[in-house]
Amino acid sequence: GSEMCIRDSTAAVSAVATDLLALKDANSLGLFGAGIQGRYHIHAISRVRPIENIFIYDTDRQKAEDLASHIESSIEKLSTINVADRPEDIVTRSKIIITATTARSPVFKGSDILPQTHINAIGSFKPDVRELDDETVLRSIIYVDNRDSVLTEAGDLIIPIKSGLISPDCIRSDLSELIKDKGRGRNNEDDITLFKSVGLAAQD
């Protein structure tokens with residue numbers, strides 16, 4: 001039904017952002033949240049980067065195992081797919097990270113993120129809920145799907161803005177500006193880039 005399209009368009013938008021922001025040779029992907037969104041994202045991002053290694057973490061381990069076996073049979077170039085026991089096992093091994101959870105509080109430690117990482121944060125879209133901690137937001141160059149939506153819906157950014165850690169000006173670019181001007185992208189290889197998306201009717 002239409003739900004499917006909407007979810008899939010979110011993955012397509014994340015893939016566009018990943019294509020513009022992640023390192024060209026990024027071949028490892030870490031997923032938090034083994035739901036349908038996570039599945040769509042793995043497929044979409046495998047189309048824009050040469051993904052060989054995938055790591056999946058979910059608080060429900062069986063869900064993660066099920067997704068791993070689905071992915072294993074459907075993506076060709078994979079060399080490994082692992083269900084991780086701990087969040088840090090994903091964060092320290094992935095050049096691209098996707099957070100697609102229903103968590104109300106941060107799912108990993110920002111201090112664990114390695115340079116050169118690109119993060120797509122798509123799970124939380126309520127002002128009081130966040131998947132990312134302050135450290136992640138502080139260490140990242142921030143991109144969004146839509147400034148107005150993010151500043152009213154995305155606790156990932158609203159919470160650190162309210163506490164004075166960052167200001168709305170810390171958002172470097174929204175996606176349409178980035179598509180028009182690639183110069184707004186990553187400045188150097190070691191940057192950590194973050195794309196926060198709350199999903200927009202316009203993108204469907």
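**Salt bridges, buried residues and strands in a predicted model**

Q: How far apart, N to O, are the side chains of Asp85 and Arg61 in their salt bridge?
A: The side chains of Asp85 and Arg61 meet in a salt bridge, a term that requires a side-chain nitrogen of Lys or Arg within 4 Å of a carboxyl oxygen of Asp or Glu. Side chains of opposite charge can pair when their charged atoms come close. For Asp85 and Arg61, the N to O distance is 2.6 Å.

Q: What kind of model is this?
A: Residues are numbered from 1 along each chain as its sequence is written, and side-chain values use heavy atoms, with hydrogens and water left out. Local features need pLDDT of at least 70, side-chain atom pairs count only at pLDDT 80 or more, and totals for chains, interfaces and linings use all residues, the model being predicted.

Q: How many residues separate Asp85 from Arg61, and which parts of the chain hold them?
A: Asp85 and Arg61 meet in a salt bridge. Asp85 lies in the loop between β3 and α4 (87-91), whereas Arg61 belongs to helix α3; helices (H or I, at least four residues) and strands (E, at least two) are DSSP runs, numbered from the N terminus. The pair thus links distant parts of the chain, with a separation of 24 residues.

Q: Is Asp85 buried or exposed?
A: With a 1.4 Å probe and protein chains only, buried means under 20% relative accessible area, exposed over 50%, and partly exposed in between. Its partner Arg61 is partly exposed at 37%. Asp85 has a relative accessible area of 55%, so the class of Asp85 is exposed.

Q: Which residue of helix α3, 4 residues away, is separated from Arg61 by about one helical turn?
A: Arg61 also takes part in a salt bridge of 3.0 Å, N to O, with a glutamate. That partner is partly exposed, with a relative accessible area of 32%. The two residues are 4 apart in helix α3, so about one helical turn lies between Arg61 and Glu65.

Q: Why does the salt bridge of Asp19 and Arg49 tie together separate parts, and how many residues apart in sequence are they?
A: In this salt bridge, the closest N and O atoms of Asp19 and Arg49 are 2.7 Å apart. Asp19 lies in helix α1 (residues 2-21) and Arg49 in the loop between α2 and β2, so the pair joins parts whose separation in sequence is 30 residues.

Q: What relative accessibility does Arg49 have?
A: Arg49 lies in the loop between α2 (36-46) and β2 (53-57). Asp19, its salt-bridge partner, is partly exposed at 32%. Arg49, in contrast, counts as buried, because its relative accessibility is 4%.

Q: Which residue offers its backbone oxygen to the side chain of Arg49 at 2.8 Å?
A: Arg49 makes a side-chain polar contact with Asp19 at 2.7 Å; such a contact is a pair of N or O atoms within 3.5 Å, where within protein one must be able to donate a hydrogen and the other to accept it, and residues adjacent in sequence count only if both atoms are side-chain atoms. Leaving aside neighbours within four places in sequence, Arg49 is in contact (heavy atoms within 4.5 Å) with residues including Thr18, Ala22, Ala26 and Ile96. The backbone oxygen reached at 2.8 Å belongs to Leu23.

Q: Which residue of β3 is the bridge partner of Phe55?
A: Strands β2 and β3 run parallel and are joined by 4 bridges, where pairing requires that DSSP finds at least two bridges between two strands. On β3 (residues 80-83), Ile81 and Val83 form the covered face, while Thr80 and Asn82 form the uncovered one. The partner of Phe55 is Asn82.

Q: Why is strand β8 largely enclosed, and how many of its 5 residues are buried?
A: Strand β8 (residues 192-196) has both faces covered, with Ile192, Leu194 and Lys196 on one side and Thr193 and Phe195 on the other. β8 pairs in the parallel sense with β5 (residues 118-121) over 4 bridges and with β6 (residues 140-144) over 5 bridges. Lys196 stands opposite Ala121 and is also the bridge partner of Val144. The strand is largely enclosed by the rest of the structure because the number of buried residues is 5 of the 5.

Q: Which residue with a positive phi follows α7?
A: Helix α7 (residues 155-162) has buried residues Gly155, Asp156, Leu157, Ile158 and Pro160. These pack against elements including β5, β6 and β8. The residue after α7, with a phi near 85°, is Gly164.
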